[in-house]
Amino acid sequence: MEVQSIESKKAEQTRQVEQAKKMSPAEETASQPQGPIKMSGKDVSVFYGEKQALFDVNLEILENSVTSLIGPSGCGKSTFLRCLNRMNDVIDICRVSGLITLEGEDIYNPELDVVELRARVGMVFQKPNPFPKSIYDNIAYGPRIHGLTTDRAELDELVESSLKKAGLWEEVKDRLTESGTGLSGGQQQRLCIARAIATRPDVILMDEPCSALDPIATATIEELIDDLRKNYTIVIVTHSMQQAARVSQRTAFFHLGKIIEEGETSQIFTNPRNKKTQDYITGRYG
Amino acid sequence: MSSTEHIVTSYEGELESLDKKIAQMGGLTENLVGQAVDALRLRDADLASHVIEDDVHIDQLEREIEDQAISMIARRQPMALDLRQIMAAVKITSDLERIGDLGKNIAKRVLSIHHEKQPSQLVHGMRSMQSLALAQLKNVLDAYTERNTEKALSVWYADEEIDAIYNSLFRELLTYMMEDPRNIGLCTHLLFCAKNMERIGDHTTNIAETVHYLVLGSEIAAERPKGDKTTKILVEPGDVENDS
């Protein structure tokens, strides 16, 4: 029998157990962002009057990827999203500090044209908000005010391609002169996405784009988001964890105005490093 | 990293019940293997028959756990630790079911060989293998209930010992068969019993890996020691004379 040699193996095993424990600490495997950075926030703080809503937030948004921002109500995720195209500027008491860049350029540079910034960083809101105009004019509005086209034929083409990219063309091509508000909720939301695409943005921000939609319309939008990722960088705020898990490549978890954890979506939802993240995504008391 | 309770209490209750069922199935399996081993040692056909009947309960629990896991995935869309716990339950339950089958197979063989006299040396080797395999199974089930990765890792490494005993038993059994062809029937059954114990050890290490994944969310970052060398062992007639 080889029983004697087994005894001597005990010590070796203890050593191996110790070694394996050293080899698998969770922190060291935390994923770092990979790929070109489209937008980046450094030490971003936001104040509404005296009240601070964001505390030194750092986040890098990768090109041609979907980044989802999740967290409980009031955690600052929408505030951060609105910083990315200076939507907070319209609130008088709001003050933003820190550095936010788009392709390395400071977007809070006083010399920068905010209207042009918002054309490059488009936004889609929770409730579909088409203009009370025709479907055609909803899309043509942005290109017209930004002077993106020179003649009618070019504008027609841009309207068509925008509606095609938003997956709406087939449904509306025969009624472009009808009012945008006459479409269904899901179609209206895709119209808003088409409107955002028409100004040829680099980044599309979405603030709970599906929360007012039924599951089928939601699936259509999610399919669209996945498709748009090839040409655009997308940041989405969502209350649906399942949606974040389905559509995004990276996820940032906000809590009380801070980013608690950020990483690859699959890691965040299968093996979060932080207890607060885990408690939130599994629906536990924080 | 857990302990906080779900806001939805029924979800918490389902996770607890899943845990309880695994513990129950683990207890039944441990008991069944222990009895199969006793039946082999004591050449007790009655006990062996009991073991064969008892395996039904393990199979039944496996189905219950699987059904519950599937229903929870569909209704709760589990995330993070919860997701890992449900996946771990499915994996562990299938390993336990296999362990139960292997125990049952030992019991079936007892029915064929219980009237034969077993050489005392062989019985000794079998016994140390059995007690090791049983201890491993017990430890890994403890590691699961305690969510203890250290214990799971120890089990994972200790499987090598079972393999080592299996290797020497394999050699010995072959030698007996060569010495006297009348031993072949008995020895073949014993060889399968030993192989079953070795397989039980393998399923036990699977469970250890699952426990590690459940707790830390990662695979064990090391190469598993592979101890079963019997695929390369061939005992020639000359070896028998040299050995004795």
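# A walk through a two-chain model

Start by selecting A:Val46, which you'll find in strand β1 of chain A. Before you zoom in, keep in mind that this is a predicted model. Is A:Val46 buried or exposed? Its relative accessible area is 0%, so A:Val46 counts as buried. Now add A:Lys77 to your selection and draw a distance between the two C-alpha atoms: they are 11 Å apart in space, while 31 residues separate A:Val46 and A:Lys77 in sequence.

**The sheet around β1**

Zoom out a little and show chain A as a cartoon. Which strands make up the sheet that holds β1? It is an open sheet of 4 strands in chain A, in the order β2-β1-β4-β5, and the pairing is antiparallel. The edges are β2 and β5 of chain A, each of which pairs on one side only. If you're wondering what holds such strands side by side, strands of a sheet pair through backbone hydrogen bonds, either parallel or antiparallel.

Next, select residues 94–102 of chain A, which is strand β4. Between β1(A) and β4(A) there are 8 bridges, in the antiparallel sense. To see one facing pair, pick A:Tyr48 and look across to A:Cys94 in β4(A), which stands opposite.

**A charged network**

Stay with chain A and show the side chains of A:Lys38 and A:Glu63. These two form a salt bridge, with their closest N and O atoms 3.4 Å apart. A:Lys38 sits in strand β1 (residues 37–48) and A:Glu63 in the loop between β2 (51–62) and β3 (66–70) of chain A, so the pair ties together parts that are 25 residues apart in sequence. How does their exposure compare? A:Lys38 is buried, at 6% relative accessibility, whereas A:Glu63 is partly exposed, at 31%.

Don't stop at that pair. Add A:Glu103, A:Arg120 and A:Asp202 to the selection: together with A:Lys38 and A:Glu63, they are linked in a network of salt bridges. Over all chains, the count of salt bridges comes to 28.

**A parallel pair**

Now select residues 121–124 of chain A, strand β6. Which way do its residues point? A:Val121 and A:Met123 point one way, A:Gly122 and A:Val124 the other way, and all are buried. Add residues 203–207 of chain A, strand β7, to see what β6(A) runs alongside: the two are parallel and joined by 4 bridges. Look from A:Val124 across to A:Met206 in β7(A), and you'll see the residue that stands opposite.

**Two loop residues with a positive phi**

Follow chain A to the loop between β7 and α8 (215–228) and click on A:Glu208. Its phi is near 45°, a positive value in a residue other than glycine. A:Glu208 is buried, at 11% relative accessibility.

For another case, go to A:Arg86, in the loop between α2 (77–83) and β4 of chain A. A:Arg86 is not a glycine either, yet has a positive phi of about 60°. At 11% relative accessibility, A:Arg86 counts as buried.

**Charges on the surface and on a helix**

Switch to a surface view and colour by charge. Select A:Glu105, A:Asp106, A:Asp113 and A:Glu116, and you'll see a patch of negative charge on the surface. One of them, A:Asp106, lies in strand β5 (residues 105–106) of chain A and is partly exposed, at 31% relative accessibility.

Then find helix α5 (residues 152–165) of chain A, where A:Arg152 and A:Asp156 lie 4 residues apart, about one turn of the helix. A salt bridge joins A:Asp156 to A:Arg152, with the closest N and O atoms 3.2 Å apart. A:Arg152 is exposed, at 52% relative accessibility, while A:Asp156 is partly exposed, at 32%.

**Over to chain B**

Finally, show chain B. How many helices and strands does chain B have? There are 7 helices and 0 strands. The C-alpha atoms of chain B fill a box of roughly 70 × 40 × 25 Å along the principal axes, and buried residues make up 52% of its 244 residues.

For a last close-up, select B:Asp202 and B:Arg199, whose side chains meet in a salt bridge at 2.9 Å, N to O. Both lie in helix α6 (residues 184–216) of chain B, 3 residues apart, which means about one helical turn separates them. B:Asp202 is buried, with a relative accessible area of 12%, and B:Arg199 is partly exposed, at 32% relative accessibility.

Technical notes:
Residues are numbered from 1 along each chain as its sequence is written. Chains are lettered from A and ligands numbered from 1 in the order in which they are written. This is a predicted model: local features need pLDDT of at least 70, side-chain atom pairs count only at pLDDT 80 or more; totals for chains, interfaces and linings use all residues. Side-chain values use heavy atoms; hydrogens and water are left out. Patches are made of residues with over 30% relative accessible area and no salt bridge: like charges are joined within 9 Å, nonpolar side chains (Val, Leu, Ile, Met, Phe, Trp, Tyr) within 5 Å. Accessible areas come from the Shrake-Rupley method with a 1.4 Å probe; for residues, only the protein chains shown count as cover. A salt bridge is a side-chain nitrogen of Lys or Arg within 4 Å of a carboxyl oxygen of Asp or Glu. Lys and Arg count as positive and Asp and Glu as negative; His and the chain ends are not counted. The place of a charge is taken as NZ of Lys, CZ of Arg, CG of Asp or CD of Glu. Buried means under 20% relative accessible area, exposed over 50%, partly exposed in between (1.4 Å probe, protein chains only). Two strands pair if DSSP finds at least two bridges between them.
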